[in-house]
Amino acid sequence: MTTQELVAQIHKKKSFLCIGLDVDLNKIPKHILEKEDPIFEFNKAIIDATHHLAVAYKPNIAFYEAYGIKGWESLEKTITYLNENYPEVFTIADAKRGDIGNTSTMYAKAFFEDLEFDSITIAPYMGKDSVEPFLAFENKHTILLALTSNQGAFDFQTKDVEGKELYKQVLEVSKSYENSENLMYVVGATKAEYLSDIRKIIPESFLLVPGVGAQGGNLQEVCKHGLNNQVGLLVNSSRGIIYASDGMDYDKAAANKASELQKQMQEILNTAK
Ligand SMILES: O=C(O)c1cc(=O)[nH]c(=O)n1[C@@H]1O[C@H](COP(=O)(O)O)[C@@H](O)[C@H]1O
């Protein structure tokens, strides 16, 4: 998917919501566990109930790998279902990969060619030759971890490296990578106050912003500092949406939670005009 198509979808749906499909069998409604593929059944119902409110879906791969081959099959069915039924939606494989170039190429093939995701999250720690193999794929997007939502972000990411915080070095250096126009960045919603500085370095780039909902990040604060002239934000909520209810009405409850966020986003987009 091109960035222009993503922006068009945001304006059409008046939403920049990303729904995280982080499925934990201990948290989904008990009656779905009787189905042959409970993870896929759950995802399918959530997607069908929310696709008009969200512009992106982000399965975190850990939640599928944890269930072995069956989990991987559920992931494959989920991405195929999204691509076949809602091709306008932007898909993110939250895999946080990155390795020597030779290995990164195989990760890229797995998520871009075999599973046909539009994008993947990547850890920048191994540098240029670990990231560029992902950037080589046309109309695919590489979402580099810049400043993450967790407390551990302060262990390394905000540390001073040659007069500049490490996450700023990541932003600046990555701009020189080949095909850097295919880069997006992760900035946690819990770090909203850093977004103004971040926008000075990467004014045009899209940011994936996880951490509203269960982690306590604030949508208004994120938008105040992070919006750009093409919106430039994908704000993710996983648990706050998909586990809104563990009863028979779980899909409707998820849609209600998604709708609350979408309405706030619509208001923000209207005032930003
Ligand atoms: O890359 C991510 O998506 C990510 C980066 C980050 O800094 N913080 C973060 O929470 N995430 C992911 O975003 C999702 C957040 O889930 P909730 O806290 O349930 O909304 C999880 O899949 C996390 O792994």
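**Reading helix packing and a ligand shell**

Modeller: Ile39, Phe40, Asn43, Lys44 and Ile47 of α2 meet Gly71, Ser74, Lys77, Thr78, Tyr81 and Leu82 of α4, and by class this contact has five nonpolar, four polar and two charged residues. Please keep in mind, as we go through such contacts, that this is a predicted model.

Colleague: How should I read the geometry of such a pair, and at what angle do α2 and helix α4 pack?

Modeller: The general idea is that angles under 35 degrees count as roughly parallel. In this structure α2 and helix α4, which spans residues 68-85, pack at an angle of about 25°, with their axes 9 Å apart, and the two helices are therefore roughly parallel to each other. The crossing in which α2 passes α4 is right-handed.

Colleague: Helix α2 also packs with helix α12, so to speak on another front; at what angle do their axes cross?

Modeller: The axes of helix α2 (residues 38-50) and helix α12 (residues 250-272) cross at roughly 45° and come within 9 Å, which makes α2 oblique to α12. This crossing, too, is right-handed. On the α2 side the contact is made by Ala45, Ile46, Ala49 and Thr50, and on the α12 side by Asp251, Lys252, Ala254, Ala255 and Ala258. By class, the residues of this contact divide into six nonpolar, one polar and two charged.

Colleague: Which residues meet where α5 packs with α6, and what is the angle between these two helices?

Modeller: Helix α5 (residues 101-114) and helix α6 (residues 128-135) pack at an angle of about 30°, and their axes are 8 Å apart. That angle makes α5 roughly parallel to α6, and α5 passes α6 in a right-handed crossing. The residues that meet are Gly101, Ser104, Thr105 and Ala108 in α5 with Asp129, Ser130, Pro133 and Phe134 in α6, and they divide into three nonpolar, four polar and one charged.

Colleague: Turning to the ligand, how many residues surround it, and which are the closest?

Modeller: A shell is read by its members, by the elements that supply them and by their classes. Here 20 residues surround the ligand, and the closest are Asn60, Thr148, Pro210, Ser238 and Arg239. Strand β10 (233-237) and helix α11 (239-242) each supply at least two residues of the shell. By class, the shell has three nonpolar, 14 polar and three charged residues.

Colleague: Which residues does UniProt list for the domain, and how much of that stretch is helix or strand?

Modeller: An annotation is best read beside the model. The UniProt record, an unreviewed entry, lists residues 16-253 for "domain: Orotidine 5'-phosphate decarboxylase", and annotations of this kind may be inferred rather than shown by experiment. Over residues 16-253 of the model, the chain is 39% helix and 18% strand, with the end C-alpha atoms 19 Å apart.

Definitions and conventions:
Residues numbered from 1 in each chain as written. Predicted model: local features only at pLDDT ≥ 70, side-chain atom pairs only at ≥ 80, totals over all residues. Near = placed C-beta within 6 Å. Helix = DSSP H or I, 4+ residues; strand = E, 2+ residues; numbered from the N terminus. Nonpolar A, V, L, I, M, F, W, Y, C, P; charged D, E, K, R; others polar. Axes fitted to C-alpha atoms, helices over the stretch in contact; angles between N-to-C directions. Parallel < 35°, antiparallel > 145°, perpendicular 65-115°, else oblique. Left-handed = near helix turned anticlockwise from the far one by under 90°. Contact = placed C-beta atoms within 7 Å.
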